[in-house]
Amino acid sequence: MTYEKTLEWLFAQLPMFSRTGAAAYKPGLQTSLDLDAHFAHPHRRFKSIHIGGTNGKGSTSHLLAAILQSQGYKVGLYTSPHLVDFRERIRVDGRMMPKEDVVDFIERYRNSGYAGSPSFFELTMMMAFDHFAKERVDYAVIEVGMGGRLDSTNIITPILSVITNISKDHTQFLGHTLEAIAAEKAGIIKTDVPAVVGEARGSIREVFEEKASQEGTTLLFAEDFNPLQHSEENADGGLDCKSPVCGSFHCELGGDYQKKNINTVLAALYELQRTGVEISEESMRKGMAEVCGLTGLAGRWMKLSDSPLTVCDTGHNEAGLGYTMGQLERTARKRNGAKHLVIGFVADKAIDDIIGLLPRDATYYLTQAAIPRALPVADLQQKFREHGLEGECYPNPKAAAEAARNNAAPDDVIYIGGSTFIVADYLA
């Protein structure tokens, strides 16, 4: 098969949660364990770091990978979903998996006699592990897909488990309380594997403390450790920071929520050093400053143009969008400009709660992504009207963004987001 035919087969034959939603969700580890045995346990041939949580998993994963790369290690990075190219999910030292290797893996899988029925995510994960083993990576940074306890990535035994934070998302699968969601996320904490938690207070904190106690392992709360002493936004949209872990440094990633992620990453680096992983302060500074170039990260408060300032962001749930809307408000105020939001959502989000976070004094360009999970734009317009907001409807993100550009003054701010897939369709 050609690469294009291989992708067609992957997308058509295997259920893919990011596109179709609940019908593709397969909780449990048995299929992953069976696939792992079928491919001779590739994840046992490299050391891994497991990254879970509700928000910030992707940025945290990319930052850690960039820092390890800067130290000279060969680093695998597995994340999801992709924005434009499927191979964004599987990288070694920032390079996407070659197309011919994707084709080779799928041909080996289809000719192997495997009798199970994996999901898109399960087979893609095994493709990543197989590729990392073949490439002889030193470390692989593995992002959890959903939850933790029953996520297919949870077959690994990492050297460090990191949980960024807990907020409400995928409640139909993970539970309707923060404590229930935290219990699912805590499922990646394993016996004798140190764990770092970015944000957790009160009863949420107790969930993690109890799980770490059950597993007999150490637990570091980044909020307590608080290694990010100072951070402020600079002219290029990144953050100038100071920490006792690596001194003064610049982080290429901007946005308020990145301060939380950086704090978590610094705590994780402290734990990795404590367990014997050699990471210099110079490598930490380089990885923070050059994360996008080193790993290919895109879509996190990503500046697309200056006049009018146009940014896209993949934040897509209540907590993530709360941070992003605060950032948007401050940015517009600083420029003394108006706000234009190109926005759309997937249908299984808590739309009423999310709309309540959106600014009342903005112009809205409503749209939908080209996936079955997308909330139809007419339904979104109706939801807006129920909340006393108005917005024009556009058939796709590019048409909506073009309308925003035509309406915006040079000092205005255009925001493109609401869903990872809105950003993906626009960037494509």
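This passage describes the fold of one protein chain, from its overall dimensions down to single residues.

The model is predicted, so local features need pLDDT of at least 70 and side-chain atom pairs count only at pLDDT 80 or more, while totals for chains, interfaces and linings use all residues. Residues are numbered from 1 along each chain as its sequence is written, and side-chain values use heavy atoms, with hydrogens and water left out.

The chain has 428 residues and a radius of gyration of 21 Å, which agrees with the value near 22 Å for a compact globule of that length. The radius is taken over C-alpha atoms, and the globule rule is 2.2 Å times the number of residues to the power 0.38. Along its principal axes, the C-alpha trace spans about 55 × 50 × 40 Å. Of the 428 residues, 57% count as buried. Buried means under 20% relative accessible area, exposed means over 50%, and partly exposed lies in between (1.4 Å probe, protein chains only). The accessible surface of the chain comes to about 16,800 Å². Carbon and sulfur atoms hold 46% of that surface. Areas come from the Shrake-Rupley method with a 1.4 Å probe; for residues, only the protein chains shown count as cover.

Contacts (heavy atoms within 4.5 Å) often link distant parts of the sequence. Among contacts with a separation of 6 or more, 72% join residues 24 or more positions apart. The chain carries 44 positive and 55 negative charges, and the mean positions of the two sets are 2 Å apart. Lys and Arg count as positive and Asp and Glu as negative; His and the chain ends are not counted. Each charge is placed at NZ of Lys, CZ of Arg, CG of Asp or CD of Glu.

The secondary structure comprises 18 helices and 17 strands. These are DSSP runs numbered from the N terminus: helices are H or I with at least four residues, and strands are E with at least two. Strands of a sheet pair through backbone hydrogen bonds, either parallel or antiparallel. Here, two strands pair if DSSP finds at least two bridges between them.

One open sheet has 8 strands in the order S4-S3-S2-S5-S1-S6-S7-S8, with mixed pairing. Its edge strands are S4 (95–96) and S8 (219–221), and each pairs on one side only. Strand S7 (residues 195–197) pairs with S8 in the parallel sense over 3 bridges. Val 197 has Phe 221 as its bridge partner in S8.

Another open sheet contains 6 strands, ordered S12-S13-S17-S14-S15-S16, and its pairing is mixed. S12 and S16 (392–393) stand at the edges with a single partner strand each, so one side of each has no neighbour in the sheet. S12 and S13 run antiparallel and are joined by 4 bridges. Ser 305 stands opposite Thr 310 in S13.

Within this sheet order, S14 lies between S17 and S15. S14 (residues 339–343) is mostly covered, with 5 of its 5 residues buried. Lys 339, Leu 341 and Ile 343 point one way from the strand, and His 340 and Val 342 point the other way. S14 pairs with S15 (residues 362–366) in the parallel sense over 5 bridges. There, Thr 363 is the bridge partner of His 340. S14 also runs parallel to S17 (residues 413–417), again with 5 bridges. Lys 339 has Val 413 as its bridge partner in S17.

Several loops show notable backbone geometry. The peptide bond from Ser 80 to Pro 81 is cis, with omega near -10°. Pro 81 is found in the loop between S2 (75–78) and S3 (90–92). A cis bond also joins Ser 307 and Pro 308, where omega is about -5°. Pro 308 lies in the loop between S12 (302–306) and S13 (309–313).

Positive phi values occur at two residues other than glycine: near 50° at His 41, and near 55° at Arg 136. His 41 sits in the loop between helix H3 (30–38) and strand S1 (47–52). Its relative accessibility is 24%, so His 41 counts as partly exposed. Arg 136 sits in the loop between helix H6 (120–134) and strand S5 (139–143). Arg 136 counts as exposed because its relative accessibility is 69%.

Gln 69 belongs to helix H4 (residues 57–70). With a relative accessible area of 13%, Gln 69 is buried. Leaving aside residues up to four places away in sequence, Gln 69 touches Val 75, Asp 93, Gly 94, Leu 294 and Thr 295.
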